[in-house]
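Dear colleague,

I am handing over the structure we spoke about, and below it you will find notes on what was found in it. Please read them with the model open beside you.

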Amino acid sequence: MTSASTADAGTTEAGTADDRTPEGSAGAGRIAVITGASSGIGAATARQLAAAGYRVVLTARRKDRIEKLAAELPHAEAYALDVTDRAAVDAFAASLDRCDVLINNAGGAFGAEPVATGDPEDWRAMYDVNVLGVLHMTQALLPALTATGDGTVVVLSSTAGHAAYEGGGGYVAAKHGAHVLAETLRLELCGEPVRVVEVAPGMVKTEEFATTRFRGDVAKAAKVYEGVAEPLSADDVADTIAWAVTRPSHVNIDLLIVRPRAQASNSKVHRTG
Ligand code: 8X3
C-alpha cells in the first residue's frame with residue numbers, strides 16, 4: 001500500500017475498500033498512478049485498471065472529485081496533485097511504496113485561436129501541463145517504475161500530436177512535444193525494464209475537453225461533435241489504455257492512434273444532418 005495518507009497536508013486518502021474483490025487479476029499487487037483522474041479519460045482509466053486488479057492512485061487538482069471516485073473503487077486512493085508543480089510531484093513520488101504503472105493523462109487545450117492571434121499565456125499553460133507535467137511525473141517515478149523490474153509509462157498524447165490543424169495552435173505544439181517525449185524516452189530506456197506506451201486519441205466526447213478549450217462556451221463545444229454519430233467515449237480510450245498496459249511485459253505497444261470511425265483525420269469528419 002502507498003503511504004499517501006501520511007504525506008503532507010495536500011494529501012488525502014479515500015476509499016480503500018479492501019473488502020471488495022477486483023474483477024481482474026492482471027494488476028494484482030501492482031500500483032497504477034493516474035494523473036488527471038478527476039474526470040473523462042483519467043477517471044475511466046482508473047475504473048478499468050481497478051477492475052483489472054490494480055491498486056489505483058488517483059491524482060488531480062480537484063480533491064473532492066478524486067476522493068469520491070476512489071470511494072467507489074476497490075483498492076483506490078486519492079492524492080491532490082498539480083502535475084505542473086515539481087516540488088509537489090516529488091513529494092508525491094516520495095510518498096509511494098512502489099509504482100508499477102504511470103498513466104500520464106493530465107492535459108488539455110486552452111483556446112482555438114490561429115497562431116497569428118493565440119495568447120502566449122495559453123501556449124505556456126498548455127506546454128506546462130501537456131509536456132512538463134508528463135516530464136515531472138515521469139522523472140519523479142522512473143526510479144520506482146524501474147525498481148519493480150516491470151514498469152510501464154503511458155503518455156496520453158493526441159492525434160494533435162501527429163498532425164497540425166487550423167486553430168490547433170498551442171495544443172498541437174504541446175501534444176507534438178508529448179509525442180516526442182514518449183518516443184525519446186522509449187529510445188533512452190531500451191534495455192531497462194520499463195515500457196513506454198503512447199495513446200493518441202482523436203475525437204473523444206468528454207464532459208470537459210471542448211468546454212475547457214472554448215473557455216466555458218458550451219454551444220461552441222457542442223459544435224465539435226455536431227452530427228458525429230459516435231465520437232469516442234472516455235471508456236473507449238480507457239479500454240485501449242488498459243489493453244496496452246495488461247499485455248505481457250515483453251510486449252511494448254509503442255503507439256495507438258484511436259479515432260472514431262467517422263473521423264479519418266483531424267480535418268475529415270463525417271457529419272450527418
Ligand atoms: C483531442 C483531439 O482533434 O481535438 O486531443 O485535437 S483534437
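To begin with the pairing of two strands, β1 and strand β2, the latter made of residues 55–60, run in the parallel sense and are joined over four bridges. Within this pairing, valine 33 has valine 57 of β2 standing opposite. Please keep in mind throughout that this is a predicted model. Strand β1 itself covers residues 31–34, with Ile31 and Val33 pointing one way and Ala32 and Ile34 pointing the other way, and all of these are buried.

These two strands belong to an open sheet of seven strands, whose order is β3-β2-β1-β4-β5-β6-β7 and whose pairing is parallel. At the edges stand β3 (76–80) and β7 (255–258), and because each has a single partner strand, one side of each is left without a neighbour in the sheet. From one strand to the next, the twist averages 15 degrees.

Strand β6, residues 194–201, deserves a paragraph of its own. On one side, strand β5 (residues 151–156) pairs with β6 in the parallel sense over six bridges, and here leucine 156 stands opposite valine 199 of β6. Strand β6 is also joined to β7 by four bridges, again with the two strands running parallel, and the bridge partner that glutamate 198 finds in β7 is leucine 255. How much of β6 is buried? Eight of its eight residues are, so the strand is largely enclosed by the rest of the structure. Both faces are covered, with Val194, Val196, Glu198 and Ala200 buried on one side and Arg195, Val197, Val199 and Pro201 buried on the other.

Strand β4 (residues 101–104) contains valine 101, which counts as buried because its relative accessibility of 2% is under the 20% limit. Beyond its neighbours within four places in sequence, valine 101 is in contact with Ile31, Ala32 and Val33, and also with Tyr54, Leu145, Thr152 and Val245. Its C-alpha atom is 11 Å from that of glycine 149, although 48 residues separate the two in sequence.

Turning to the nonpolar interior, the largest core holds 38 residues, of which Leu49, Val56, Leu58, Ile103, Val199 and Ile241 touch the most other members. Helix α8, residues 234–245, gives the most to this core, contributing seven residues. A second core, separate from this one, has 36 residues, including Val33, Val134, Leu145 and Ala178. As for leucine 58, its contacts outside the neighbours within four places in sequence are Ile34, Ala37, Ala46, Ile66, Leu69, Ala70, Glu77, Ala78 and Tyr79.

A few loop positions may also be worth a look. Histidine 75, in the loop between α2 (63–72) and β3, has a positive phi of about 50 degrees although it is not a glycine. With a relative accessible area of 15%, histidine 75 is buried, because that value is under 20%. Arginine 215 likewise has a positive phi without being a glycine, here of about 55 degrees, and this arginine is found in the loop between α6 (209–213) and α7.

Glycine 227 is placed in the loop between α7 (218–224) and α8, and at 23% relative accessibility this glycine counts as partly exposed, because the value falls between the 20% and 50% limits. Not counting residues up to four places away in sequence, glycine 227 touches His270, Arg271 and Thr272. The C-alpha atoms of glycine 227 and glycine 107, which are 120 residues apart along the chain, are separated by 26 Å.

On the cysteines, a search of the whole structure finds zero disulfides. Is cysteine 99 buried or exposed? At 0% relative accessibility, cysteine 99 counts as buried, whereas cysteine 190 is exposed, with a relative accessible area of 68%.

Finally, there is one annotation to pass on. An unreviewed UniProt entry carries the annotation "domain: Ketoreductase" for residues 30–203. In the model, this span is 45% helix and 19% strand, and its end C-alpha atoms lie 31 Å apart.

With best wishes

Note on methods
Residues are numbered from 1 along each chain as its sequence is written. This is a predicted model: local features need pLDDT of at least 70, side-chain atom pairs count only at pLDDT 80 or more; totals for chains, interfaces and linings use all residues. Side-chain values use heavy atoms; hydrogens and water are left out. UniProt positions are given in the numbering used here, feature names are shortened, and annotations may be inferred rather than shown by experiment. A nonpolar core is a set of buried Ala, Val, Leu, Ile, Met, Phe, Trp, Tyr and Cys residues joined through side-chain atoms within 4.5 Å. Buried means under 20% relative accessible area, exposed over 50%, partly exposed in between (1.4 Å probe, protein chains only). Contact means heavy atoms within 4.5 Å. A disulfide is a pair of cysteine sulfur atoms within 2.5 Å. Two strands pair if DSSP finds at least two bridges between them. Axes are lines fitted to C-alpha atoms, for helices over the stretch in contact, and angles run from 0 to 180 degrees between N-to-C directions.
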